[in-house]
Amino acid sequence: MIRDITLGQYYPTDSVLHRLDPRVKLCGTMVYVISLFLFQSFTGYIVATVFLVSMIALSHVPVKFMFRGLKAIIFILIFTGILNAFLTPGRELVSFWKITITIEGVRLAAFLVLRIIYLIIGSSIMTLTTTPSNLTDGLEKSLGWLKIFRIPVHEIAMMMSIALTFIPVLVEETDRIIKAQQARGADFESGNIIRRAKAMIPILVPLFVSAFRRANDLAVAMEARCYHGGDGRTKMRPLKYAARDYIAYLVLLGYLAAIIAVGIIF
Amino acid sequence: MSIIVNHVDHIYNPGTVFEKKALCDVTFSVENGEYIGLVGRTGSGKSTLVMHLNGLMKPTSGGIFYDGADIASEGYDLRELRGKVGVVFQYPEHQLFEEDVFADVCFGPRNLGLDKSEVEIRAYEALKAVGIRDEQLYVSPFDISGGEKRRVAIAGVLAMKPEVLVLDEPCAGLDPAGRDEILAIADYLHDNLGITVIIVSHSMDDLAEHVHRILVMNDGQLVMDGSAREVFGHRDELESIGLAVPEVTAILSDLKKAGLPVRDDLITVEEARDEILRVFGK
């Protein structure tokens, strides 16, 4: 159950997407997310689907992993779907008691749910094909200009990268603590909601303690290696665009143009 | 009471790039009152095997039988099993969470559904068995020393009155004094309380003087199973899989290679001393 979280879980394999510069992928994800809101028509969804499917194919990541991230938001999806189907006014499809489902409602619900799914999968592709350190490198570099507004870009990027690298560590730790408490007879499955909430205490307290301990250890380790923030720090692998990155930008531009065209025409 | 592990395989994440075979055709049995050491290098599958013993993991194939019943079968009461097969994981002090030491130790027996007085009696007995003093009972478990934390965590499992106690790397990260304390507790539980004890370790020196039988794991397979003496007689095989014989055994076997007529199947310091003195005719 706890291992379902895909966000921040890099899938190690070799593909064109894995080799792309993280800045391209960041920009691509952003363009894709925005593009999902630029059209209303069926044709638009075809274009977005074709693009998403080809990205999934290019990524060499098993589709199973993409869909794992959806499990976490299944309730949001159901909720959005139902609410929209019931509450949108329009031509009646079926009606019973006081509830009416309209054709427009079903259409809107389907599109909205699809949009959320595409959003999650789209961003999953980025995190699955980019290592956390690469991702924050990309962020730091593409947002570097914010420094003139005294925004501590490096520090934020560093915090993000630490948070991302620690997600799997904490997930594993949680798993370990759950097992240890289960070995002491703890029961997390039965009882009413209050009992279940109480059953989380034996997991949460040790988890917090260990998170603080790890944070402290990490701080000491960074100090010991003379970490003093971003000024004057050099990179072992500085980011540099290659030919494939420019091609990727062109593809992205093509996609965006297609979506905008579809949005205007249909 | 007996545990039978019958041709157990376990594969992590089958069908993905993360697929890893952790256990491969492991077969052995444990009888009542045994004192066993389970050794193997890091990643040899020891911890995975341990989690199978109390049903925290299910074998991919094969079966585990406790008192003749298959613990993976439908409807088997796993909570009752976890009361009978107590497992103390690596760094067990990381599982402490209650406000005071006594309350934390009560957690296990309370989960067994016992009444309050029985829970408290068991907790108190368990804390005494691991040598926690009365004045420490109501101290926060985060305010005591590392060695004490570990003993409290062991008491937390012991309070469930298990028939089998599995200690996974109980000495990891402790100083020699702390290590001796923990091993002395294990001895006490086995000798005086009649508990079947299984100690998991990668250090032969920890085990040699304590356990009666040693199981050796390598790459998910059980490669040796015998008395401490039998197992330590296979120095070359052990070294080829990244393990070592106890230091005294190594010294004796080096002496023998150098031409002294000493026995090389001795495992404790006392035995080795007597043997060397004997050879020199004192």
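Reader: Which helix is Phe65(A) found in?
Author: Phe65(A) sits in helix α4 of chain A, which covers residues 63-71. Keep in mind that this is a predicted model.

Reader: Is Phe65(A) exposed or buried?
Author: In between. Phe65(A) counts as partly exposed because 18 other C-beta atoms lie within 10 Å, and being buried would take 20 or more.

Reader: And how far is Phe65(A) from Ile121(A) in space?
Author: C-alpha to C-alpha, the two are 9.6 Å apart, though 56 residues separate them in sequence.

Reader: OK, switching to the contact. How many residues come from chain A and from chain B?
Author: Chain A puts in 18 residues and chain B puts in 22 residues. On the chain A side, α8 (153-183) and α10 (201-224) each supply at least two residues. The largest share of that side, 6 residues, comes from α8(A).

Reader: What's the mix by class on the side of chain A that touches chain B?
Author: That side has 10 nonpolar, 5 polar and 3 charged residues.

Reader: Back to α8(A). What covers its buried residues?
Author: The cover includes parts of both chains: α7 (132-142) and α10 from chain A, plus α2 (78-84), β6 (85-88) and α5 (146-158) from chain B. The buried residues themselves are Ala157(A), Ile177(A), Ala180(A), Gln181(A), Gln182(A) and Ala183(A).

Reader: Where's the kink in α8(A)?
Author: At Ile167(A), shortly before the proline Pro168(A), and the kink is about 35°.

Reader: What span should α8(A) have, and what do its ends give?
Author: At 1.5 Å a residue, its 31 residues should span 45 Å, and the end C-alpha atoms are 45 Å apart, so the two agree. Just after α8(A) comes Gly185(A), with a positive phi of about 85°.

Reader: Now chain B. What's the strand order in the open sheet?
Author: The order is β2-β1-β4-β5, 4 strands with antiparallel pairing. β2 (20-31) and β5 (69-70) of chain B are at the edges; each has a single partner strand, so one side of each is left without a neighbour in the sheet.

Reader: How many bridges pair β4 with β5(B)?
Author: β4 of chain B, residues 61-66, pairs with β5(B) over 2 bridges, in the antiparallel sense. Phe65(B) stands opposite Asp70(B), which is in β5(B).

Reader: Last thing: what pLDDT does chain B average?
Author: Chain B averages 90, and 99% of its residues score at least 70. For the complex, the predictor gives an ipTM of 0.86 and a pTM of 0.74.

Conventions:
Residues numbered from 1 in each chain as written. Chains lettered and ligands numbered in written order. Predicted model: local features only at pLDDT ≥ 70, side-chain atom pairs only at ≥ 80, totals over all residues. Contact = placed C-beta atoms within 7 Å. Nonpolar A, V, L, I, M, F, W, Y, C, P; charged D, E, K, R; others polar. Buried ≥ 20, exposed ≤ 12 C-beta atoms within 10 Å, placed from the backbone. pLDDT = per-residue confidence, 0-100. Pairing = 2+ DSSP bridges. Expected span 1.5 Å × (residues − 1). Bend = angle between axes of the 7 residues up to and from the residue.
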